[in-house]
Amino acid sequence: MRLSKKTGVVAAGAALALTLTACAGGGAGSSNGDTDAGETTEGGTIGVAMPTETSERWIADGDAVQSGLEAAGYEVDLQFAGDDIPIQTQQIDAMITGGVDALIIAAIDGTALTSQLDAAAAAGIPVISYDRLIRDSENVDFYVSFDNEKVGVAQATALLYGLGLTDEAGEPTGEEGPFNVELFAGSLDDNNAHFFWKGAMETLQPFLDDGSLVVPSEQTDISQAATLRWQQETAQKRMEDLLTSTYSGGEELHGVLSPYDGLSRGIITALQGAGMGGETIEDGLPVVTGQDAEIASVKLIQDGVQQSTIFKDTRKLADQAVIAAEAYLAGEEPEANETETYDNGVKIVPSYLLEVDTVYADNITELLVDSGYWTQDEIDAGQAE
């Protein structure tokens with residue numbers, strides 16, 4: 001175990017209870033950093049590096065981590081990098097130079113931070129990789145995320161369910177198709193994109209093999225399906241190009257595997273713009289999956305436009321990041337529930353993985369409203385308050 005800069009005794013039980021209470025309240029995008037007097041830890045400063053503010057998901061993560069840390073008695077240096085790799089490296093360098101006691105990093109490029117992590121290790125600063133695994137460094141101490149391969153399985157299962165090839169649990173229905181689908185992947189410099197793709201393709205492969213699913217473009221390799229920086233505009237342009245190159249003769253497209261809600265909205269815009277099947281799924285719009293339960297996409301699901309999204313409760317992820325940081329600053333090791341899978345190219349990084357849920361129109365209330373993640377008014381408006 002690496003020795004951290006702070007090895008004093010922390011009132012761990014009270015701090016963790018307070019952290020969980022603070023992070024569990026409020027919906028995505030909300031921030032509740034109130035701290036009750038007398039219930040803080042010994043304190044310190046924790047640097048939190050988030051990739052961008054262009055996605056509501058990352059704003060929510062930043063707010064949740066900051067709120068939890070502040071509620072536990074820490075100062076927080078929260079920085080967003082605007083999806084600019086040099087800016088993120090400079091921000092992390094500044095945090096290390098400024099003497100933070102721990103780092104929580106959601107990397108833009110998981111391979112671009114080796115020198116920063118070397119500097120953190122030299123300064124005795126523990127590094128927690130947040131949701132996106134940092135690669136090619138032995139100085140990643142812990143990883144908190146969701147079970148990303150299962151995310152891919154869930155996305156593919158939602159697509160199959162939407163097409164009628166399986167039931168909601170993924171059991172074949174006997175429907176034979178064939179159904180035409182196109183495949184999208186995330187950014188290749190994000191390690192998660194590869195896990196999403198692996199889980200999805202292993203789930204879809206039997207249906208591709210028996211001919212009940214067909215990819216008319218024949219773009220079935222992740223390098224062909226990848227979307228740099230997860231950009232909505234890039235996904236929209238690729239979908240437009242696919243429609244022009246492969247479906248201009250009146251061929252039907254029945255479904256699209258999309259790994260993220262931002263991409264899904266770009267894909268749907270392209271489909272609707274080309275008149276591919278109508279304005280809603282009921283009208284014949286292809287089934288489109290997603291991820292992150294972004295409010296704009298949740299409204300589209302409610303309205304019958306997007307078929308599904310994967311709900312990753314960022315409040316729970318923030319809880320685990322805070323718990324891990326507190327453990328290190330108490331001179332302890334955080335609890336891991338996965339110690340075999342997440343190889344960053346240099347080491348197996350001990351990890352804490354959370355489960356996910358698939359959101360369809362009929363369970364929005366149960367999963368998102370009743371849990372306090374979004375209000376019904378926010379969903380109706382398609383915008384966070």
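Here are three short exercises on this structure, each with a worked solution.

This is a predicted model, where local features need pLDDT of at least 70, side-chain atom pairs count only at pLDDT 80 or more, and totals for chains, interfaces and linings use all residues. Residues are numbered from 1 along each chain as its sequence is written, and side-chain values use heavy atoms, with hydrogens and water left out.

**Exercise 1. Work out where Gln-91 sits and what it touches.**

Step 1: Start with the helix. Gln-91 belongs to H3, residues 85-97; helices here are DSSP runs of H or I with at least four residues, strands are runs of E with at least two, and both are numbered from the N terminus.

Step 2: Check burial. Gln-91 has a relative accessible area of 13%, so it counts as buried (under 20% relative accessible area; exposed is over 50%, partly exposed in between; 1.4 Å probe, protein chains only).

Step 3: Look for neighbours. Leaving aside residues up to four places away in sequence, Gln-91 touches Gln-79, Phe-80 and Ala-81, with contact meaning heavy atoms within 4.5 Å.

Step 4: Zoom in on Phe-80. Its backbone oxygen lies 2.9 Å from a polar atom of the Gln-91 side chain.

**Exercise 2. Take the salt bridge between Arg-132 and Asp-190 and place both partners in the chain.**

Step 1: Get the distance. The two side chains meet at 3.0 Å, N to O, and a salt bridge needs a side-chain nitrogen of Lys or Arg within 4 Å of a carboxyl oxygen of Asp or Glu.

Step 2: Find the partners. Arg-132 is in the loop between S4 (127-130) and S5 (142-146), while Asp-190 is in the loop between S6 (179-183) and H6, so the pair links distant parts of the chain, 58 residues apart.

Step 3: Are they buried or exposed? Arg-132 is buried at 9% relative accessible area, and Asp-190 is buried too, at 4%.

**Exercise 3. Do likewise for Glu-294 and Arg-265, then look at the whole structure.**

Step 1: The side chains of Glu-294 and Arg-265 form a salt bridge at 2.9 Å, N to O. Glu-294 lies in the loop between S9 (287-288) and H10 (295-302), and Arg-265 in helix H9, 29 residues apart.

Step 2: Glu-294 is buried at 2% relative accessibility, and Arg-265 is buried at 18%.

Step 3: Now widen the view. The whole structure has 14 salt bridges, and Arg-57, Asp-61, Asp-131, Asp-292 and Lys-312 are linked in a network of them.

Methods. Polar contact = N/O pair within 3.5 Å; in protein donor to acceptor, adjacent residues only side chain to side chain.
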